[in-house]
There are 2 protein chains.
Amino acid sequence: MSNHFTRRVIKRGELANRTGCNLETIRYYEKIGVMPEPARTEAGHRVYDGDQERRLRFILRARELGFSIEELKGLLTIVDSDHLACGEVYELTQAHIADVREKITDLRRLEKTLSTISAKCARGNTPECPVIDALFA
Amino acid sequence: MSNHFTRRVIKRGELANRTGCNLETIRYYEKIGVMPEPARTEAGHRVYDGDQERRLRFILRARELGFSIEELKGLLTIVDSDHLACGEVYELTQAHIADVREKITDLRRLEKTLSTISAKCARGNTPECPVIDALFA
DNA sequence: ATAGGCTCTGTAGTAGGTACAGGATCAAGA
DNA sequence: TCTTGATCCTGTACCTACTACAGAGCCTAT
């Protein structure tokens, strides 16, 4: 280990443990360019600092909130630029909210269809099945 | 073309057109075993009859309703057995409805979070951005 | 006969990861 | 100091559910 002035760094396994991210996913995020290439030890082991841990948490949170990788890249571009363009982030978020609302609408319609079909079921072992019939219709 | 007694058959392209299914997807469904291997012309071209068209429509509808391929296989097993076990189909459908409801709940929570965050936005080009901040939190 | 449309096959690509094989390296105990 | 087991490295294959393409063969109308 280098000297007293070295910042505290962690390796991939610890980063994974601390963030709850899968070990391999970290490498994947590096590959697709959302995580920067980290420093390496002499033996080639990746080392991460606090900034990189914060960035990974940001990524994980954005993914949790359903932002696609492409949308996430948009957010990261803004984050990485020195002046934060709040307007752009707002647009991106609104677009994402619209997506989510559309999905909810679709799923509600689906749920209704399934419930309607299912409600007709006699639940016996009769040869007629309204679910199957509905699927054949 | 064979004789007068040959049932009306269509080729892959027409089946795709009639059902709205992608051409390649038909071959894919054959590969994964949800569509049967069709008859072939002497030159090796696939030919489909009415039963097979109905089966494909069934598959497409089940997929539209959000059944996974695995769930679909379950449905098809029941369809293929001579006596339709209505109870089993009911169970499968209920489980699927539960899934859909869970997804809706998740998305609603997500939408709320995003809206709350987004509502704090001043929409200016200020350096502080509540969306970014929330993601970093 | 030939043009252009269809079909065939196998394979690669998509999103967003996850898993594994076969090595190298590190840290801690005997 | 040696050894053992955990961790790390790389590349690649796998997952779902398709979709797209290349290069070949076939089919039909003119």
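This is a short talk on a predicted model of two protein chains, A and B, with DNA strands C and D.

I will start with how the two chains sit relative to each other. Chain A can be laid on chain B with an RMSD of 0.2 Å. The operation that does this is a turn of 180° with a shift of 0.0 Å along the axis. The two copies are therefore related as by a two-fold rotation axis. As for the contact between the chains, the same surface serves both copies, and 100% of the contact residues of chain A recur in chain B. If you want to find the axis on your screen, go to A:I104. Of the residues of chain A, that one comes closest to the rotation axis, with its C-alpha at 2.9 Å.

Now the DNA, beginning with strand C. How many residues surround DNA strand C? There are 20, and the closest are A:T25, A:R63, B:R12, B:R27 and B:R46. Of the strand C atoms that come within 4 Å of the protein, sugar and phosphate account for 70%.

Three contacts to phosphate are worth pointing at on strand C. The side chain of A:T25 places an N or O atom 2.3 Å from a phosphate oxygen of DNA strand C. For B:R12, a side-chain N or O atom is 2.5 Å from a phosphate oxygen of that strand. With B:G13 the partner is in the backbone: a polar backbone atom there is 2.9 Å from a phosphate oxygen of DNA strand C.

Which elements carry this surface? At least two residues each come from α2 of chain A, residues 23-31, and from α1 and α2 of chain B, residues 12-19 and 23-31. The largest share is that of α2(A), with 5 residues. By class, the surface near DNA strand C divides into 9 charged, 7 polar and 4 nonpolar residues.

On to strand D. Again 20 residues surround the strand, and the closest here are A:R12, A:R27, A:R46, B:T25 and B:R63. Sugar or phosphate makes up 70% of the atoms of DNA strand D within 4 Å of the protein, and the rest belong to bases.

For strand D I have one phosphate contact and two base contacts to show. The phosphate contact is from A:R12, where a polar side-chain atom lies 2.6 Å from a phosphate oxygen of DNA strand D. Next, an N or O atom in the side chain of A:R27 is 2.4 Å from a base oxygen of the strand. Then B:E24, from the other chain, has a side-chain N or O atom 3.0 Å from a base nitrogen of DNA strand D. The elements that give two or more residues to this surface are α1 (12-19) and α2 of chain A, together with α2 of chain B. Here α2(B) gives the most, with 5 residues. The surface near DNA strand D has 4 nonpolar, 7 polar and 9 charged residues.

Next, the tyrosines. Over all chains, the whole structure has 2 aromatic pairs. One is A:Y28 with A:Y29, a tilted pair with 6.0 Å centre to centre and 45° between the planes. The two partners differ in exposure: A:Y28 is partly exposed at 41% relative accessible area, whereas A:Y29 is buried at 7%. The other is B:Y28 with B:Y29, also tilted, at 5.9 Å centre to centre and 45° between the planes. In chain B, Y28 counts as partly exposed at 40%, and B:Y29 is buried at 7%.

Two last residues, one per chain. In chain A, look at Q52, which lies in helix α3, residues 50-64. Is A:Q52 buried or exposed? Its relative accessible area is 13%, and the cut-off for buried is under 20%, so A:Q52 counts as buried. Leaving out residues up to four places away in sequence, A:Q52 touches A:M35, A:P36, A:E37, A:P38 and A:V47.

In chain B, take I78, found in helix α4, residues 69-80. At 6% relative accessibility, B:I78 is buried too. B:I78 and B:E88 are 10 residues apart in sequence, and their C-alpha atoms are 8.2 Å apart in space.

Key. Residues numbered from 1 in each chain as written. Chains lettered and ligands numbered in written order. Predicted model: local features only at pLDDT ≥ 70, side-chain atom pairs only at ≥ 80, totals over all residues. Heavy atoms only, no water. Least-squares fit on C-alpha atoms with pLDDT ≥ 70 in both. Contact = heavy atoms within 4.5 Å. Near = heavy atom within 4 Å. Polar contact = N/O pair within 3.5 Å; in protein donor to acceptor, adjacent residues only side chain to side chain. Helix = DSSP H or I, 4+ residues; strand = E, 2+ residues; numbered from the N terminus. Nonpolar A, V, L, I, M, F, W, Y, C, P; charged D, E, K, R; others polar. Buried < 20%, exposed > 50% of the residue type's maximum accessible area, 1.4 Å probe, protein only. Phe/Tyr/Trp six-rings, centres within 6.5 Å; stacked < 30°, edge-to-face > 60°.
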